[in-house]
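Biologist: Let us go through the terms used for this model and check each against its definition.

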There are 2 protein chains.
Amino acid sequence: MKIGELARRAGISAHTIRYYERIGLLPRADRDGGGRRDYDGSTLVWLEFLGRLKTTGMPIRDMLRYAAMRAAGPATERERHDLLVAHRDRVRAHVAALQSCLAVLDTKITGYASNLTNEAKDDDALPNQLRKPLR
Amino acid sequence: MKIGELARRAGISAHTIRYYERIGLLPRADRDGGGRRDYDGSTLVWLEFLGRLKTTGMPIRDMLRYAAMRAAGPATERERHDLLVAHRDRVRAHVAALQSCLAVLDTKITGYASNLTNEAKDDDALPNQLRKPLR
DNA sequence: TCTTGACTTAGAGTGCGCTCAAACTCGTAG
DNA sequence: CTACGAGTTTGAGCGCACTCTAAGTCAAGA
């Protein structure tokens with residue numbers, strides 16, 4: 001698989017794939033006769049996993065640590081486990097924070113919506129000052 | 001309230017508050033006799049709301065749009081409502097993505113954990129090749 | 001043979017959101 | 001009076017994660 005196809009399948013740009021290789025997030029790719037990168041399916045699987053880590057907000061330097069451990073073999077499995085557990089905990093906390101923010105957003109949206117409804121229903125029935133303020 | 005106290009209470013730096021004022025996210029603050037910024041509670045409330053937007057990943061340029069609408073008065077309420085609804089939808093989608101990533105993380109963590117347990121229990125009972133691979 | 005398009009490299013540039021520096025002014029405590 | 005800490009300004013610098021440029025190579029199709 002050439003870099004273009006891998007990029008398309010992983011949903012990132014070929015530029016980004018080369019960048020990842022440069023910084024060590026991807027191992028140096030095998031080359032074909034003309035010096036072009038040639039990938040197999042395992043790279044796609046790895047990129048998909050990196051995408052999960054990225055979606056969940058892991059910084060590249062931590063992905064590098066994980067990638068280095070992976071490359072170092074099974075002796076690092078405990079460390080890898082611990083890194084993922086710590087990351088999962090952070091992600092869970094972040095999801096909780098987002099949900100609390102969503103509740104605030106819902107409240108505010110409801111406020112705007114009822115205000116807009118009132119305006120449509122009884123536009124001049126109340127002076128502006130008596131409407132529920134929105135902040 | 002001086003900028004230092006506001007910063008402490010909002011959980012951001014005074015630098016950041018001045019930066020927000022510079023770019024128009026905060027209105028120009030009232031000054032005391034010596035030209036220092038003097039805030040009332042409403043600024044803290046606004047900063048707290050901005051913090052929610054930030055936590056949920058809204059870029060500053062969208063916060064600026066929202067702030068500009070707020071400053072423009074009640075005529076923009078429908079637009080503000082729509083902006084928040086669009087944002088809420090994006091946040092909900094992001095939460096869903098995070099939860100799907102969390103499921104993948106859980107699976108991987110379980111894989112490492114069982115592998116670590118096996119190693120502790122019957123370290124030499126199986127050749128490495130027969131262990132469940134972890135990717 | 002010629003053209004097209006995907007690929008190669010090293011390195012420069014971009015956008016975001018701060019974060020800090022330098023040089024200065026105040027108000028208050030000792 | 002002096003020292004200190006907290007504030008002021010403009011503008012530069014930073015860390016992150018790409019993203020693009022320039023100049024060149026290569027393989028396949030018309």
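Modeller: B:Asp106 forms a salt bridge with A:Arg92.

Biologist: What makes B:Asp106 and A:Arg92 a salt bridge?

Modeller: The closest N and O atoms are 3.6 Å apart. A salt bridge is a side-chain nitrogen of Lys or Arg within 4 Å of a carboxyl oxygen of Asp or Glu, so the pair qualifies. The rule finds four salt bridges across the interface of chain B and chain A. On the chain B side, α5(B) gives the most to the surface that touches chain A, with 28 residues.

Biologist: What are these values based on?

Modeller: This is a predicted model, in which local features need pLDDT of at least 70 and side-chain atom pairs pLDDT 80 or more, while totals for chains, interfaces and linings use all residues. Residues are numbered from 1 along each chain, chains are lettered from A in the order written, and side-chain values use heavy atoms, without hydrogens and water.

Biologist: How do you know that the copies meet through the same surface?

Modeller: Of the interface residues of chain B, 100% are also interface residues in chain A, so the surface is the same. Contact (heavy atoms within 4.5 Å) takes 38 residues from chain B and 38 residues from chain A.

Biologist: Why are the two copies described as related by a two-fold rotation axis?

Modeller: Superposed by least squares on C-alpha atoms of residues with pLDDT of at least 70 in both, chain B lies on chain A with an RMSD of 0.0 Å after a turn of 180° and a shift of 0.0 Å along the axis. The copies are therefore related as by a two-fold rotation axis. B:Val95 comes closest to the axis of the residues of chain B, at 3.2 Å (C-alpha).

Methods: Helix = DSSP H or I, 4+ residues; strand = E, 2+ residues; numbered from the N terminus.
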